[in-house]
Each structure stands twice: as structure tokens, then as C-alpha cells.
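Work through the exercises below with the structure open. Try each task before reading its solution.

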Amino acid sequence: MLERALKGSPRYWAWIGFLLVIICAGALVWINQLTVGLKITGMSRDVSWGFYIAQFTYLVGLAASGVMIVLPYYFHHYKPNKHMVIFGEFMAIAACIMCMLFIVVDLGQPQRMLNVMFHPTPNSILFWDMTVLIGYLSLNLLCGWVCLEHDRIRLPHPKWIKPFIIISIVWAFSIHTVTAFLYQGLPGRHYWLTAILAARFLASAFCSGPAILLLVLKVTEKVTTFRMPKRAVATLTKIIAYAMAVNMFFFLLEVFTSFYSNLPGHMHPLVYLFSGVHGHHELVAWMWTFIAFAVISLAMLIPPKLRDNQKLLPWALVILVIATWIDKGLGLLIGGFNPTPFDTITPYWPSGKELMVSAMVYAIGALIVTVLFKIATDVKQELGNSQALPCGCSSEDDDCDCGTAEEAEAEEAPAADAAEATA
Amino acid sequence: MKNNRRSFIKLAGLAAAGLCVAPKATLASGGGHSPVKAGPKAEHAKRWAMVIDTRKVHTEEDIKVLQHACHSVHNVPDIPTKQNIKWLWSAPYEECFPEQQNPHLDDDVKGRSYMLLCNHCENPPCVRVCPTKATFKRPDGIVVMDYHRCIGCRYCMAACPYGSRSFNFGEPRDYLDLTKLNTDFPTRMRGVVEKCNFCVERLAKGLQPACVEASDGAIVFGDLADKDSEVRKVLRENFTIRRKPTAGTEPSVYYII
């Protein structure tokens with residue numbers, strides 16, 4: 001099926017070329033990092049993990065999120081998700097690979113990384129994180145590929161794949177739980193030392209992940225004939241709204257526990273992040289942006305009228321993604337290391353080179369998503385599954401009540417403009 | 001016939017795979033091994049511990065002397081950025097004991113500088129999290145590093161509640177005076193974590209740790225399991241505290257206040 005990725009429009013190739021340029025530029029910086037060491041980053045003795053590990057953590061959420069499409073389809077036989085499943089699985093593949101790459105670029109001695117397998121250490125959560133990530137990647141490769149291949153040759157999905165799909169659904173929860181365990185079992189890091197961290201990770205994953213997936217699929221709709229069924233979109237948006245509400249609820253639980261107990265260790269990271277201590281206010285503006293964006297996204301997603309407005313939806317999702325990224329991709333790491341074990345503040349900000357290497361990893365992820373989604377949409381187009389109708393509906397919409405094609409096109413035009421402005 | 005050949009190839013393949021995996025599996029099941037071999041005069045203990053008399057070493061200058069003794073014998077570079085490397089250093093009371101703050105401490109205790117180093121915990125979180133067993137606890141309680149196995153993931157630095165670990169972000173030899181190296185102890189390469197090793201290489205030769213030797217009796221070092229040892233005697237006779245007792249790590253470094 002891979003050959004389908006080799007036939008594309010000039011626009012497709014321009015996009016691939018653009019990603020390759022970013023990958024090459026980032027790779028040059030990475031080679032520089034390999035030659036001189038991690039001193040090119042903004043990390044320090046006190047803040048010994050930074051942007052790389054933060055992105056890893058955020059992307060584990062993206063990897064786990066595909067399950068919000070897969071689970072309703074396989075556990076609840078929710079038919080509208082039928083032709084969306086493959087995109088959740090393919091997104092998970094790209095996210096897993098990005099996670100692994102972010103770990104690799106963060107290592108001081110990457111050529112020794114196989115030591116984790118040569119000297120397996122079950123008491124280290126990092127060992128288990130490697131295990132669950134490799135497992136989840138393999139499961140998604142297997143399930144995604146086998147199902148799409150059978151679709152392509154017009155055969156029903158084989159029976160033997162079902163157990164693997166069920167395992168992969170359960171496995172999705174494990175990857176983010178184990179990633180939270182990386183943090184929440186460390187005795188000196190109060191911001192992470194909380195039993196709710198794993199639950200909060202899952203909640204933020206199940207809002208931010210599907211949000212990113214929906215945004216990518218909206219772009220996919222613009223550049224292919226694929227069209228998501230309306231009901232699938234509506235359900236996924238509802239899941240995003242609930243998950244974001246739960247995520248913020250868990251955050252408020254943290255705030256209550258910290259401040260009502262008045263325990264200094266629990267309060268200090270939050271105070272540093274949201275109001276600054278010892279004259280350090282580096283993250284205050286960011287963290288309040290997170291709160292403001294979280295509130296705005298919830299305000300746009302909870303009222304059904306706003307939530308079902310397809311012109312507003314991309315904006316709500318972008319705002320939600322920014323909010324969760326600040327929370328988990330920035331605040332979580334810096335708040336975990338500050339205050340330091342000496343109750344002092346060591347500011348951290350990623351260096352330009354660190355961002356370049358990160359851009360390389362993100363571009364590799366985007367390349368994988370592009371190629372895999374290209375294959376999947378090609379197959380769907382060939383089979384006529386989930387295709388855009390002239391009226392703007394999806395061929396899977398059984399409640400399409402659109403009028404004549406001309407009227408629908410007149411309606412469609414402003415929507416297309418709005419979506420283009422978003423992109 | 002065809003079936004026989006196929007099953008033979010299958011068996012042979014399995015056997016070959018087993019032969020490849022078996023030695024690795026045996027190796028993997030073993031713990032890390034200390035690179036230091038004990039000499040005939042070596043000091044032995046069940047649990048090494050250190051008591052620092054902060055009434056005697058309490059100024060930055062005092063601790064500078066100890067730091068110099070430690071850092072020169074272990075080839076620790078002096079890097080002037082926040083990506084620095086420290087095995088032994090000094091800090092004021094509130095940084096050393098942030099959980100035992102008291103707004104009205106007596107001027108003497110408040111004004112002192114305190115010597116910080118790896119606590120060689122009984123329950124070391126760094127050992128618990130290390131994914132390669134590059135950091136491990138020896139039977140005598142000392143927590144050491146295998147610089148050749150460390151992959152530089154820095155999980156141990158996140159896990160240490162005492163900020164005792166340093167990472168070689170760059171090339172450490174760039175910051176060392178190569179003419180004054182201690183050739184009996186290795187320099188490190190970039191990309192690995194390092195920390196105080198309670199001078200295992202000196203104990204193996206029957207010597208006391210470098211900082212203890214330079215402290216002129218202000219630091220006592222000995223076997224915590226031996227009730228007649230000097231550390232036990234000093235601990236019996238003086239009030240001591242340890243850093244962050246709530247972390248449950250059971251440090252082996254005690255401070256006489």
C-alpha cells in the first residue's frame with residue numbers, strides 16, 4: 001500500500017519537501033548537539049529535564065487519544081466512527097515515534113540507549129515506559145495496517161485481529177499511566193508527587209489528543225475527498241468537552257489540596273508558576289494564559305449551540321490545544337523542578353537550538369502522519385467510504401437532509417473560507 | 001519430507017535465538033559491578049556513614065578547602081555556568097534544610113554554611129529509577145555510578161531529593177587543568193551523570209575520604225553498623241539532624257548542629 005504515498009499532487013509534494021527541509025535543518029542542529037553535548041540546550045543542573053521531555057509527555061497523550069475513536073466503535077459498536085478508526089491508529093503511530101525520538105534526543109549518550117534492554121531494570125519506570133511505548137506502536141502498526149489492507153482488497157477484517165484491537169484499547173490507558181508514574185513516584189518533586197497525576201494526564205490526553213486529531217482531519221478534508229461523518233465529529237467534540245472539564249476539575253483538586261492543607265512543598269510550585277517567588281516571574285503570564293484559554297475553550301465547547309458550530313469548532317480546539325500544551329508541555333516540567341531541592345528558583349527556557357531539534361522531531365511526526373493519512377484517504381476514496389458529497393455532507397451521513405447541490409454549494413463557500421483562514 | 005525440513009529449520013532457528021539471548025539474559029539478571037577492587041589494606045564496613053560537625057566546619061572558606069580536596073582528587077571540572085558539576089559544596093541553612101525552617105534560629109546556626117554532598121541513602125530514589133543499573137548501591141551502603149553504562153537520561157537527577165547529582169552537559173575536560181589531573185582517577189566523558197562516591201577508590205586503599213582527611217577531625221567517617229565505631233560514638237553524644245527526613249530515604253550523612 002505504501003506506493004500510494006508516492007503518487008500525489010504538486011501541493012502534496014511541496015508539503016513533503018517543506019517537511020524535509022525542516023527535518024534536515026533540525027538534523028544539522030542535532031548533529032551539533034551530538035558533537036558538543038546537551039550544553040546547547042537551556043537545561044541546567046537544577047532543571048535537568050526540559051523541552052524535550054515535556055514534548056514527550058505531551059505527545060504520549062496524543063498517542064493515547066486515538067482510543068477515543070477506537071473504543072466507541074469496538075466496545076459500543078458506534079458505527080459513525082467506522083471510517084475514523086484508521087486515523088486514530090495512524091496518529092498513534094506517528095505520536096509514538098515522536099515520543100521515542102524526543103527521548104533519544106534528550107539522552108546524553110544516545111549510542112548507549114540499548115542498555116535499557118541489555119540491562120533490563122523492572123524497578124525503573126523508564127524501562128516500563130519504553131516497554132509500553134514499543135508495545136503500543138507495534139499494536140497500532142499491526143491493527144492499522146491489517147485492517148486497511150483488508151479494506152483495500154474488499155475483505156472483512158480478520159477475526160484474529162480483534163483481540164489485538166481490544167488489547168490496544170486497554171494498552172492506550174497504560175501508556176499514559178506509566179508516563180505519569182515516571183513523575184509521580186519521585187519523593188522530592190512535590191508538583192508531581194500526587195496520586196491524581198495519572199488521572200489528570202489521561203484527562204488532558206483525551207481532550208488535547210482528539211482535538212489535535214480533529215484539527216488534522218479538518219485539514220485532511222480540505223485536501224482530499226475524505227469527509228468525516230457529522231455524528232462522529234459531534235461525538236468526538238463531546239468527548240473533548242467532557243475530558244477538558246474533567247482535566248480542569250482535577251487541576252482544581254490540586255489547587256485545593258495544596259492551599260487548604262497549607263503544606264509549603266505543595267504550595268510552592270503553584271505559587272511559583274502562577275505568581276512568582278524570589279523575584280522570579282518567568283511563567284506567570286504563560287500559566288494565566290493557560291487558565292484563560294482553558295476557560296474560553298470550555299465556554300466554546302460546553303454549550304451545545306456553540307459546540308456544534310463547525311465554523312467556531314477549529315478555533316475552540318486550537319485554544320484548547322494551546323491551553324493544555326502550556327499546562328503539560330511547559331508548566332508541568334518547570335514547576336516540577338522549581339523550587340529546586342534547595343528551595344531556590346533556577347529559571348529555564350529552551351534555547352533556539354533545542355527548539356530546532358524539537359522542530360525536527362515534530363516535522364518527522366508530520367511526515368509520518370501525512371504519508372499514512374494519504375494512504376488511508378486514498379483507500380477510502382477508492383472504496384467510496386466516507387467521501388464528501390456535493391452538498392457538503394459525508395457519504396456516511398444517513399441523516400443528510402441537504403437540498404439541491406447548488407444551494408449546498410452556496411452554503412459551503414463561506415465555511416471553506418473560514419477553514420482556510422484557520423489553516 | 002518437506003515438513004521435516006521445515007520443522008528442523010524452525011528448531012535450529014529457535015536454538016540459535018536461544019544461544020544468542022541466553023548469555024545476555026544471564027548478564028542482565030546480575031546487578032552492576034563495582035569497578036573498584038579492594039586492596040589488602042582496604043577499609044570495610046556494613047554501612048558507611050558520615051557525621052559533619054557544623055560547629056567546626058561552618059564557613060564558606062572551610063568548605064572551599066574540603067571542596068578543593070574532593071574536586072581535585074576526582075578531577076571535577078569547575079564550570080562557571082548553571083550547567084556546573086558539584087560533588088561537594090556549601091549552602092546556607094535554609095537551602096540545606098528547607099523543611100526544617102525556623103524564623104527565629106539563633107544567629108550562630110543561621111549564619112553558618114553547611115557542607116552538602118550525596119547522602120548515600122539507605123533507600124536511594126536514584127537507584128530505584130535508573131533504567132540501566134548504572135547507579136547502584138554497594139553492599140557497604142555506598143551509592144556509586146558506572147560511567148560507562150550511564151545513558152545520560154538524567155532520571156536520577158529528577159529523583160534525587162537533595163540535588164546531589166550533576167550532568168556533564170558538555171565536555172568536562174574543557175574545564176580541567178590537564179596538567180594537574182589526578183591520574184589515579186578517571187575523568188568523565190560528556191553525557192553522563194556523576195556525584196560524590198564517598199571515595200570508594202580511597203577506601204579500597206585503606207584511606208579515609210578526601211574531605212574527611214582535609215577536615216582536621218571536623219568530619220567523622222565510619223561504620224554505622226558497628227556500635228563501637230567513632231561515628232556511633234559521635235552520634236550518641238551529639239544532637240544531629242539529616243536532610244529531608246520526610247523523603248524516607250534514610251541519608252547516611254548526619255549534621256551536628
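Two residues are in contact if their C-beta atoms, placed from the backbone, lie within 7 Å. The model is predicted.

**Exercise 1. Find which residues of α8(A) meet which residues of α13(A), and describe how the two helices pack.**

Solution.
- Start with α8(A). Ser204(A), Cys207(A), Ser208(A), Ala211(A), Ile212(A), Leu214(A), Leu215(A) and Lys218(A) are its contact residues.
- They meet Pro314(A), Leu317(A), Val318(A), Leu320(A), Val321(A), Thr324(A), Asp327(A) and Lys328(A) of α13(A).
- Sort the residues of this contact: 10 are nonpolar, three polar and three charged.
- Now take the geometry. Helix α8 (residues 197–223) and helix α13 (residues 313–337) of chain A pack at about 135°, with axes 9 Å apart.
- α8(A) and α13(A) are therefore oblique to each other.
- Their crossing is left-handed.

**Exercise 2. Work out whether α2(A) is roughly parallel or antiparallel to α4(A), and sort the residues of their contact.**

Solution.
- Read the angle. Helix α2 (residues 51–65) and helix α4 (residues 85–106) of chain A pack at about 165°, with axes 8 Å apart.
- Apply the cut-off: angles over 145 degrees count as roughly antiparallel. So α2(A) is roughly antiparallel to α4(A).
- The crossing of α2(A) and α4(A) is left-handed.
- Look at the contact. Residues of α2(A), including Phe56(A), Leu59(A) and Ala63(A), meet residues of α4(A), including Ala95(A), Cys99(A) and Phe102(A).
- The contact divides into 16 nonpolar residues, one polar and one charged.

**Exercise 3. Lay out the four-stranded sheet of chain B and name its edge strands.**

Solution.
- Write the order: β8-β1-β10-β9 in chain B, an open sheet with mixed pairing.
- Go to the edges. β8 (219–223) and β9 (240–241) of chain B each have a single partner strand, so one side of each lacks a neighbour in the sheet.
- Check one pair. β9(B) runs antiparallel to β10(B) (residues 253–256), over two bridges. Thr240(B) has Ile256(B) as its bridge partner in β10(B).
- Add the helix. α9(B) (residues 230–237) lies across β1, β8, β9 and β10 of chain B, at about 120° to β8(B).

**Exercise 4. Count the residues that each chain gives to the contact between A and B.**

Solution.
- Chain A gives 35 residues and chain B gives 42.
- On the chain A side, α5 (115–118) and α6 (125–152) are the elements that give two or more residues.
- That side has 15 nonpolar, 14 polar and six charged residues.

Terms used. Residues are numbered from 1 along each chain as its sequence is written. Chains are lettered from A and ligands numbered from 1 in the order in which they are written. This is a predicted model: local features need pLDDT of at least 70, side-chain atom pairs count only at pLDDT 80 or more; totals for chains, interfaces and linings use all residues. Ala, Val, Leu, Ile, Met, Phe, Trp, Tyr, Cys and Pro count as nonpolar, Asp, Glu, Lys and Arg as charged, and the others, Gly among them, as polar. Two strands pair if DSSP finds at least two bridges between them. Axes are lines fitted to C-alpha atoms, for helices over the stretch in contact, and angles run from 0 to 180 degrees between N-to-C directions. Angles under 35 degrees count as roughly parallel, over 145 as roughly antiparallel, 65 to 115 as roughly perpendicular and the rest as oblique. A crossing is left-handed if the near helix is turned anticlockwise from the far one by less than a right angle, and right-handed if clockwise.
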